[in-house]
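Subject: Structure for you, with notes

Hi there,

Here is the structure I promised to pass on. Could you take a look at it alongside my notes below?

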Amino acid sequence: MTAPFASIEERVNAAIYSHLANASGDFGGGLVVDGMFNLPPADVFGVIAGNSPVFVVSESEVVNVSRGDTVTINAVSYSITDKKPDGIGNVSLMLAKA
Amino acid sequence: MSHVRSQIRSAVQTALMGLATTGNQVFASRTYHLRDDDLPALLIKTESESVIEVTLSSDAMMTRELTLVVEGYAKANDALDETLDDIADEVESELNESTLDGLCRNCIIESTEIGFDDTLDQPVGRISLTFKIVYFTGASTPSVAL
C-alpha cells in the first residue's frame, strides 16, 4: 500500500518549522528543538484570566520527551503537562510554569 | 439606603477583609476577570433568596432566606488543596453563626464544593462555600433589617 501524501506532509512540516518557528526549547541532555511557542489567552471558571502556554514541535524530535519533563523556553522553565499529537507529524506540548 | 441584601453583601466583604490567605483581595462584584496579581482571592455572590410572609398585616414581616456564596480562588503548583482548605477555615471562622452586625438572624454554612482547572500556566483551584443567611424585613421596607 502506498502513502503518496506522507512524504509531501513531511516536507511541508519541515518547511513550516523553518519559517514559523519562533522559539527554541531546551529539554536538557543536549536536546534543543525549534518550534512554535504560543501563549493564547484563556480563562477558567469564567473568572480567572491568564494564558495557556503551548509549544508545537515536530513529533519525531521529541519522541523521548514525556509528560512531567521540563523545557526551558525564553529563559522560563515549564513542565510538560500533556502531549497532543495531531496525527500528521506535529505535537503540541501543553505547558505549566515549573 | 440599599436593600438589606446589598448591606449583607457589604458586611460580608468587610468581615472577610484581611484574612491570612486572601488578605484584602475580597470582591463583592466583578465586571472583569481576576489575574495573577489578584490571587488568592474571594468572590462574594448572592445567588438566590426565598421569601415567606410571616405576619398578615398592611406591612407584613418577611422572613428571607438568602443563599450567599463565597468563592475562594488560588493558583499554585503545589499544596493547592491545603490552600483551599485554609481559605475555607478562615472564611467559615468569620461567617458561621455571625449576625453580620445585626443585619441577620443567623449565617450558617450549607455546603462546600471544590474544583480544579489546569488550563492556564498553573493549576487554579476554587472552593465554593454556600451559606444560608436568614434575615427579616418589612414588606414595604426591604432596606431595613428587622
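Two residues are in contact when they have heavy atoms within 4.5 Å of each other. On that footing, residues 24 or more positions apart account for 39% of the contacts in chain A with a separation of 6 or more. The corresponding share in chain B is 61%. Please keep in mind that this is a predicted model, so everything below is computed from predicted coordinates.

**Chain A**

Chain A has 1 helix and 8 strands. Starting at the N terminus, the order is α-β-β-β-β-β-β-β-β. Along the principal axes, the C-alpha atoms of chain A fill a box of roughly 50 × 35 × 25 Å. Chain A has 98 residues, of which 34% count as buried. Its exposed surface comes to about 5,500 Å², with 54% of that supplied by carbon and sulfur atoms.

One backbone angle in chain A may interest you. Ala75(A) has a phi near 70°, which is a positive value in a residue other than glycine. Most residues other than glycine have a negative phi. You will find Ala75(A) in the loop between strand S6 (70-73) and strand S7 (76-85) of chain A. With a relative accessible area of 77%, Ala75(A) is exposed.

**The largest pocket**

If you are thinking about probes and grids, this part is for you. The largest pocket holds about 170 Å³ of space. Which residues line the largest pocket? They are Ala6(A), Glu9(A), Glu10(A), Asn13(A), Ala14(A), Tyr17(A), Ser58(A), Ser60(A), Ile88(A) and Gly89(A). Helix H1 (residues 4-20) of chain A contributes the most to this lining, with 6 residues. By residue class, the lining of the largest pocket splits into 4 nonpolar, 4 polar and 2 charged.

**Chain B**

Chain B has 2 helices and 5 strands. Along the sequence these follow the pattern α-β-β-β-α-β-β. The C-alpha trace of chain B spans about 60 × 25 × 25 Å along its principal axes. Of its 146 residues, 40% count as buried. Chain B exposes about 7,400 Å², and carbon and sulfur atoms supply 44% of that area.

Two spots in the backbone of chain B deserve a mention. The peptide bond that joins Leu39(B) and Pro40(B) is cis, with omega about -5°. Most peptide bonds are trans. Pro40(B) sits in the loop between strand S1 (26-27) and strand S2 (41-53) of chain B.

The other spot is Ala79(B), where phi is near 55°, again a positive value in a residue other than glycine. Ala79(B) belongs to the loop between strand S3 (61-75) and helix H2 (80-95) of chain B. Is Ala79(B) exposed or partly exposed? With a relative accessible area of 43%, Ala79(B) is partly exposed, because a residue has to be over 50% to count as exposed.

I also looked at the surroundings of Ser128(B). This residue is part of strand S5 (residues 124-138) of chain B. Ser128(B) has 12% relative accessibility and so counts as buried, the cut-off being under 20%. Apart from neighbours within four places in sequence, Ser128(B) is in contact with Val69(B), Val70(B), Glu71(B), Ser111(B), Thr112(B) and Glu113(B).

**Cysteines**

How many disulfides does a search of the whole structure find? The search finds 0 over all chains. Cys104(B) is in no disulfide, and the nearest cysteine sulfur, which belongs to Cys107(B), is 5.8 Å away. Cys107(B) is likewise in no disulfide, with the sulfur of Cys104(B) the nearest at 5.8 Å. A disulfide needs a pair of cysteine sulfur atoms within 2.5 Å, so a separation of 5.8 Å does not qualify. As for burial, Cys104(B) counts as buried at 8% relative accessibility, and Cys107(B) counts as buried at 1%.

That is what I have for now. Happy to talk it through whenever suits you.

Best wishes

Methods: Residues are numbered from 1 along each chain as its sequence is written. Chains are lettered from A and ligands numbered from 1 in the order in which they are written. This is a predicted model: local features need pLDDT of at least 70, side-chain atom pairs count only at pLDDT 80 or more; totals for chains, interfaces and linings use all residues. Side-chain values use heavy atoms; hydrogens and water are left out. Buried means under 20% relative accessible area, exposed over 50%, partly exposed in between (1.4 Å probe, protein chains only). On a 1 Å grid over the protein atoms alone, a cavity is a set of points where a 1.4 Å probe fits but cannot get out, and a pocket is an open set with protein on both sides within 12 Å along at least five of seven lines; lining residues have an atom within 4 Å of a point. Grid points are joined across faces, edges and corners, and a volume is the space filled by probe spheres set on the points. Helices (H or I, at least four residues) and strands (E, at least two) are DSSP runs, numbered from the N terminus. Ala, Val, Leu, Ile, Met, Phe, Trp, Tyr, Cys and Pro count as nonpolar, Asp, Glu, Lys and Arg as charged, and the others, Gly among them, as polar. Accessible areas come from the Shrake-Rupley method with a 1.4 Å probe; for residues, only the protein chains shown count as cover.
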